[in-house]
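Trainee: I'd like a close look at one thing here, the question of disulfides. Take your time, and go on to the neighbouring topics if you like.

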Amino acid sequence: MKKAEKDDSETSRLLDHAAQNASRHVQLETDSVPDVVTYGSVTDEHTEEVANNTETSTEEEGFSLRRASKRQILSFISIALLNFCGACYYSVIAPFFPNEALKRGVPQIVVGLIFGCFAVVNFFGNLVFGKYITSIGSRFLLTSGVFVSGSCSVLFGLLEYTEGTTFMVFCFTIRSIEALGVAGFQTAGTAILTHAFPNKVGTVMGSLEIFSGLGLMTGPPIGGVLYDLGGFKTPFITMGLLLLCCCVFVTVLIPPQPDEQEGKTDVPLLFFFKIPAVLVACGLTVVVACMLDYMDPVLQPYLIKEFKTSPVHIGLIYLLWAAVYAILAPGCGWLADKKKCVPVMVTLGMAGTMVGTLLLGPSPLLTDYAHILPRKLWVNIIALVVIAASCGAVMTPIVNMMLWAASDAGMENNFALYGLVSGVMNAFFAIGNLLGPLVGSALTERFDFPWTSTAFGGLVLFYIVVLLVFYIYDGCLSPTRVW
């Protein structure tokens, strides 16, 4: 009997010792900094609660549709399809619209304004939709945005039967309404995916760039073929019907979103813009958008004039540019989810962009003054590859940068914040889409393309300095912060 009591006492002592060790182990894990930064919670069958009151989901292991839930898979497929169709529609207009507008009596400067009004309306639309996304409803905003865009595309095709002032007025009106539709599905789509994959935002955004790149690659040739087959109206009506089909597809596939349960949530927009890191990310968005678009109206004429490049070869060069961007963007997105890597990746990406812009032309600083490089076509091809690879490294972390900054400032991580970040990022990207081509065209008309590219390289250098100053200053204020 005494022996049994002694054994029970020894067992109790061992159990108490093991419990103390486990308690110390849990305390150490709780005090440590998590490797994965989670912006919110994902409520599906793949999420489980763990002992330290944190959540572990399949996203922490990596972005994979095989391990994703049904809701995540449907959301990603739907938004990816919209990205492809939206990019294809955006680029389908390039081969023929400017010439058609000129033939209908539209001055050259007004043609530029027709393109520019889209970016301006898109900027304000993204800000408004981003702030009030939970009041409107993300799923309704997504589907209605696609419906409005597709309908406007069909109406734009019917402008074939108008000319002169009537043509111009309806161009401005339809493009402005269309910009609101695009802003709606851009903002809602990014917010939905941010909530669906809260731990892999960069990876998902990088993966989406594959579909955007494919759309940009296929849009111009599709537009040219459709224009040859049926004239002005055919590309617009075809793409509009495609978007309307996507609207039906998305309405069926996109599952109910959390904002439908959260209800109306007010997000302090002015407070968000007072966060220094957010302002830096907004400026970065404008700069990278300018780098992606400033060459659109001026590079093709320069290549034809300087190197006698044929239209087919120019098309292949643009195809290479889009392919490099689409292929490397997912890898950049994977790095963008690692908070410690972001400052280095963004800085190196900006440095690569600066080098690429100086090679594009090439810059007279390298050919006429330093005599380092010849003015050859192959130098320009290398420059475009460098720019495409570098811009992907800069673009993919921007959503994460804004989310981290808002979280550090004490803003609540919910669907309303995701919508605000999505709207702000898309809004400032639209500003870059407007300023890049306008400034690029003006500088090329006053000087020439090599000096224009040099000027944009100087802009990138200036913003590299801004980034370095910010990182140093922010690190001194918050030495315990990761970046």
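Mentor: Cut-off first: a disulfide here is a pair of cysteine sulfur atoms within 2.5 Å. Chemically, it's a covalent bond between the sulfur atoms of two cysteines. Bear in mind that this is a predicted model, where local features need pLDDT of at least 70, side-chain atom pairs count only at pLDDT 80 or more, and totals for chains, interfaces and linings use all residues. Residues are numbered from 1 along each chain as its sequence is written, and side-chain values use heavy atoms, with hydrogens and water left out.

So, C247: its closest cysteine sulfur belongs to C246 and sits 8.8 Å away, which is too far for a bond. C247 is also buried, at 11% relative accessible area; buried means under 20%, exposed over 50%, and partly exposed in between, using a 1.4 Å probe on protein chains only. Searching the whole structure turns up zero disulfides. C171 is in none either, as the nearest cysteine sulfur, the one in C117, is 8.8 Å off. With 0% relative accessibility, C171 counts as buried.

How does that fit the rest of the chain? Of its 483 residues, 51% count as buried. The chain has 20 helices and two strands, taken as DSSP runs (H or I, at least four residues, for helices; E, at least two, for strands) and numbered from the N terminus. As for contacts, meaning heavy atoms within 4.5 Å, those with a separation of 6 or more are 82% made up of residues 24 or more positions apart.

A87, in helix α2 (residues 70-92), gives you an example of such long reach: F211 is 124 residues away in sequence, yet 8.2 Å away in space, C-alpha to C-alpha. Leaving out residues up to four places away in sequence, A87 touches S212, G215 and L216. A87 is buried too, with a relative accessible area of 11%.

For helix packing, try α12 (residues 276-293) and α15 (residues 342-359). L284, V287 and M291 of α12 meet V346, M350, T353 and T357 of α15. That contact splits into five nonpolar, two polar and no charged residues, where Ala, Val, Leu, Ile, Met, Phe, Trp, Tyr, Cys and Pro count as nonpolar, Asp, Glu, Lys and Arg as charged, and the others, Gly among them, as polar.
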